[in-house]
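Me: Please go through this structure with me as a set of questions and answers.

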Amino acid sequence: MYLSRLLLDPRHKQARTDLANPYQMHATLCHAFAEPEQTPPRFLWRAEEGKTPTVLVQSIETPNWEKLTQRFPGYFSQRPESKPIPLEHLQSGQVLRFRLRANPTVTRKDPQNPQKSKRHGLKEVEEQLEWLSRQGRKGGFAVLGAMVAQSERVKMFKHTGGSPIVLQSVLYDGHLRITDLEAFKNTLTGGLGHAKALGFGLLSIARG
């Protein structure tokens, strides 16, 4: 598994387009992987806020950012950095810091049509933290302490246009303890929650 840190040039037209549209960002990032049209690449990504537009990309296969540079010269403000993510140092019971941008949701019956269910974004902080704890129990970790650093409704459009899609975006920071090592590794690889192609679900961890 690999982690890449991308610094985008905000003066570049395609970079500005991608930063404003998660659907377009995902499509652009796909160009760094082999045969994206034939086999959808497996990667997670998250846009980080700051003075310089930064995107983190976690992937199963080694990305080739040169391919993206050739397609969009000047897209990056600095040469992309990629490094392997060592998982062998992880241990059951280990305590780690984490960051996660997720789309916490709950599925409820449609009161107008009990035969159908609809997914709803969770807006209350307590519900958002409860969602994270449930994900942890399924994903091999226990949340020791977490805060909602940011919570907002985000609107985005598909490439084909049409009605906007509105999602609840929540940024979590905190500490966790690994309770099931294999399940936790699968969580790191597969991400958490829905809308992973749109910049959600990447669980970043660090010691301390």
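The turns below cover domains, salt bridges, strands and aromatic pairs.

Me: Before we start, what kind of model is this, and how are residues numbered?
Reply: Side-chain values use heavy atoms, with hydrogens and water left out, and residues are numbered from 1 along each chain as its sequence is written. Local features need pLDDT of at least 70, side-chain atom pairs count only at pLDDT 80 or more, and totals for chains, interfaces and linings use all residues, since this is a predicted model.

Me: Into which domains is the chain divided?
Reply: Domain bounds come from an automatic or database domain assignment. The centres of the two parts, taken over C-alpha atoms, are separated by 22 Å. The chain is divided into domain 1 (2-85) and domain 2 (88-207).

Me: How much area do domain 1 and domain 2 bury between them?
Reply: Counting contact as heavy atoms within 4.5 Å, 16 residues of domain 1 touch 21 residues of domain 2. Buried area is the accessible area (1.4 Å probe) that two parts lose on being put together, summed over both. Of this area 56% is on carbon and sulfur atoms, and the total is about 1,600 Å².

Me: Which three residues supply 46% of the area that domain 1 buries against domain 2?
Reply: The size of an interface is often given as the accessible area lost when the parts come together. On the domain 1 side, no other three residues supply more than Tyr23, Leu44 and Arg46.

Me: Which residues form the salt bridge across the interface of domain 1 and domain 2?
Reply: A salt bridge is a side-chain nitrogen of Lys or Arg within 4 Å of a carboxyl oxygen of Asp or Glu. The rule finds 1 salt bridge across this interface. With the closest N and O atoms 3.7 Å apart, the partners are Arg99 and Glu48. Glu48 in strand E2 and Arg99 in strand E5 (residues 95-102) are 51 residues apart, so the pair links distant parts of the chain; helices (H or I, at least four residues) and strands (E, at least two) are DSSP runs, numbered from the N terminus, and the partners asked for are Arg99 and Glu48.

Me: Which residues are linked in a network of salt bridges?
Reply: The structure holds 4 salt bridges. Arg46 forms one with Glu48, at 2.9 Å between the closest N and O atoms, and Arg99 forms one with Asp173 at 2.8 Å, N to O. Asp173 lies in strand E9 (residues 161-178), 74 residues from Arg99. The network links Arg46, Glu48, Arg99 and Asp173.

Me: Is Arg46 buried or exposed?
Reply: Buried means under 20% relative accessible area, exposed over 50%, and partly exposed in between (1.4 Å probe, protein chains only). Arg99, at 30%, counts as partly exposed. Arg46 has a relative accessibility of 2%, so Arg46 counts as buried.

Me: Why is strand E3 (residues 54-59) largely enclosed by the rest of the structure?
Reply: Thr54, Leu56 and Gln58 point one way from E3, while Val55, Val57 and Ser59 point the other way. Strand E3 is largely enclosed because its buried residues number 6 of the 6.

Me: Which residue stands opposite Val57 in E3 on the E2 side, and which on the E1 side?
Reply: Two strands pair if DSSP finds at least two bridges between them. E3 pairs in the antiparallel sense with strand E1 (residues 2-7) over 6 bridges, and with E2 in the antiparallel sense over 6 bridges. A hairpin through 5 residues joins E2 to E3. Opposite Val57 stand Trp45 and Ser4.

Me: How far apart are the ring centres of Phe33 and Phe43?
Reply: Rings of Phe, Tyr and Trp (its six-membered ring) pair if their centres lie within 6.5 Å; planes under 30 degrees apart count as stacked, over 60 as edge-to-face and the rest as tilted. A search of the whole structure finds 7 aromatic pairs. The planes of Phe33 and Phe43 are 5° apart, a stacked pair, and the centres are separated by 5.0 Å.Me: Which parts does the pair of Phe141 and Phe184 tie together?
Reply: This pair is edge-to-face, at 6.0 Å centre to centre and 75° between the planes. The two residues are 43 apart in sequence, so the pair ties together strand E8 (residues 141-158) and helix H5 (residues 181-190).
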